[in-house]
Amino acid sequence: MKTRPFQFLLVFAAAGLLATAAFAHEAAARAVLVVNASTEAAPMAARYVVTIERASSGQRRDKPQSHTWYFYRDAERVALLKGNMDEVWYRDAHDRISFERVFHDDARVVGYSTGELATLQVNADWAALSRFVDPAELAQLKLVSKQGRGREAQWHLRGRVGKEQLNVVWLPALELPQRLTRHVAGASTVQMQLVATAKSPQPDWPVVGEKSANYLHIDAADFGDMDYDPVVRKSEALDMRLGWRASHKHD
């Protein structure tokens with residue numbers, strides 16, 4: 001089953017026929033998002049504050065968790081650094097895409113070659129990866145309002161994609177969300193707020209690969225022979241959440 005390369009990416013669903021002028025205007029805005037996805041996104045580094053609130057089953061309400069995430073993109077690499085774990089996608093001169101999942105707490109790097117991603121039927125779409133949110137997913141949302149012009153433009157989009165209710169403030173000039181809220185009723189609410197951007201990572205921002213330079217590397221193609229390894233199990237669990245591999249029980 002082909003699936004989203006990031007947890008935040010969803011499968012595209014075709015839009016229905018639009019009859020009224022208002023809907024035609026909305027469709028035009030959606031088309032712009034899709035057209036932009038066909039172009040190369042400019043190099044960018046961004047820092048987000050991410051708040052995660054999970055639904056509690058008892059009377060005691062869980063306290064929302066706050067994190068700082070860093071998102072870096074250039075022509076050869078797209079990285080999402082989430083503190084104790086990094087997710088890094090690489091593209092070579094032949095447009096072959098590979099992936100690494102870095103577990104800092106375990107000092108391990110799990111690598112997924114181009115061939116292994118193909119074996120898992122992972123649809124690694126560089127345009128979607130480099131924009132943090134899949135443009136095809138944005139194209140399913142309703143355009144609520146547009147503010148500003150040029151580099152100051154902001155588009156407010158809202159709607160439902162699968163089980164998720166999305167609320168997005170999109171920055172066309174940066175091709176990144178200014179604010180993104182994903183809500184799943186009875187499960188969780190994740191809110192991302194952009195707090196800083198630069199053409200390249202700032203001196204006090206984490207550097208991709210610096211901490212993991214001496215970590216032990218594991219090839220995802222060898223998972224079948226490493227069921228005993230806790231990092232392998234952890235990475236397999238993340239794969240299953242993304243739909244990359246079927247769920248199975250370990251002995």
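Which residues touch the most other members of the largest nonpolar core? Keep that one in mind for the second view; the legends below all describe a predicted model.

**View 1. The whole chain, with its five helices and 12 strands.** The protein has 251 residues, and 45% of them count as buried. Among contacts with a separation of 6 or more, 53% join residues 24 or more positions apart. The accessible surface adds up to about 13,800 Å², with carbon and sulfur atoms holding 51% of it.

**View 2. Inside the largest nonpolar core, a set of 49 residues.** Here's the answer to the opening question: Tyr48, Trp89, Val110, Tyr112, Phe132, Leu176 and Trp244 touch the most other members. Strand 1 (residues 44–54) supplies the largest share of this core, with five residues. There is also a second, separate core of nine residues, with Tyr72, Ala79, Leu81 and Ala196 among them.

**View 3. Zooming in on Val110 and what it touches.** Leaving aside residues up to four places away in sequence, Val110 touches Phe99, Glu100, Arg101 and Phe103. Its list of contacts also includes Ile218, Ala220, Phe223, Val231 and Ser235.

**View 4. The open sheet of 12 strands.** Read across, the strand order is 7-8-9-10-11-1-2-3-4-5-6-12, and the pairing is mixed. Strand 7 (142–147) and strand 12 (216–219) are the edge strands, each pairing on one side only. From one strand to the next, the twist averages 15°. Strand 1 and strand 2 (residues 65–73) pair in the antiparallel sense over nine bridges, and Met44 stands opposite Arg73 in strand 2.

**View 5. Helix 5 (residues 230–242) lying across part of the sheet.** Helix 5 crosses strand 4 (85–91), strand 5 (97–103), strand 6 (108–112) and strand 12. Relative to strand 5, helix 5 runs at about 125°.

**View 6. The hairpin of strand 7 and strand 8.** Strand 7 pairs with strand 8 (residues 154–161) in the antiparallel sense, over five bridges. Lys146 has Trp155 as its bridge partner in strand 8. Six residues sit between the two strands, and Gly148 in the turn has a positive phi of about 75°.

**View 7. Two hairpins that share strand 10.** Strand 9 (residues 164–171) and strand 10 (residues 176–184) are antiparallel partners over seven bridges, with Trp170 bridged to Pro177. Their hairpin has four residues between the strands, and Glu175 in the turn shows a positive phi of about 55°. Strand 10 also pairs with strand 11 (residues 188–198), in the antiparallel sense over six bridges; here Arg179 has Gln193 as its bridge partner. Three residues lie between strand 10 and strand 11, and Gly186 takes a positive phi near 75° in that hairpin.

**View 8. Aromatic pairs, with 11 found in the whole structure.** The ring centres of Tyr72 and Trp205 are 6.4 Å apart and their planes are at 0°, so this pair is stacked. Tyr72 belongs to strand 2 and Trp205 to the loop between strand 11 and strand 12, so the pair ties together parts 133 residues apart in sequence. Both residues, Tyr72 and Trp205, are buried. Tyr112 and Phe223 make an edge-to-face pair, because their ring centres are 6.3 Å apart and their planes are at 80°. Tyr112 and Phe223 are buried too. Ring pairs also link Trp89, Phe99, Tyr112, Phe223 and Trp244 into a cluster.

Conventions: Residues numbered from 1 in each chain as written. Predicted model: local features only at pLDDT ≥ 70, side-chain atom pairs only at ≥ 80, totals over all residues. Heavy atoms only, no water. Core = buried A, V, L, I, M, F, W, Y, C linked by side-chain atoms within 4.5 Å. Buried < 20%, exposed > 50% of the residue type's maximum accessible area, 1.4 Å probe, protein only. Contact = heavy atoms within 4.5 Å. Pairing = 2+ DSSP bridges. Areas by Shrake-Rupley, 256 points an atom, 1.4 Å probe, with all protein chains shown as cover. Axes fitted to C-alpha atoms, helices over the stretch in contact; angles between N-to-C directions. Phe/Tyr/Trp six-rings, centres within 6.5 Å; stacked < 30°, edge-to-face > 60°.
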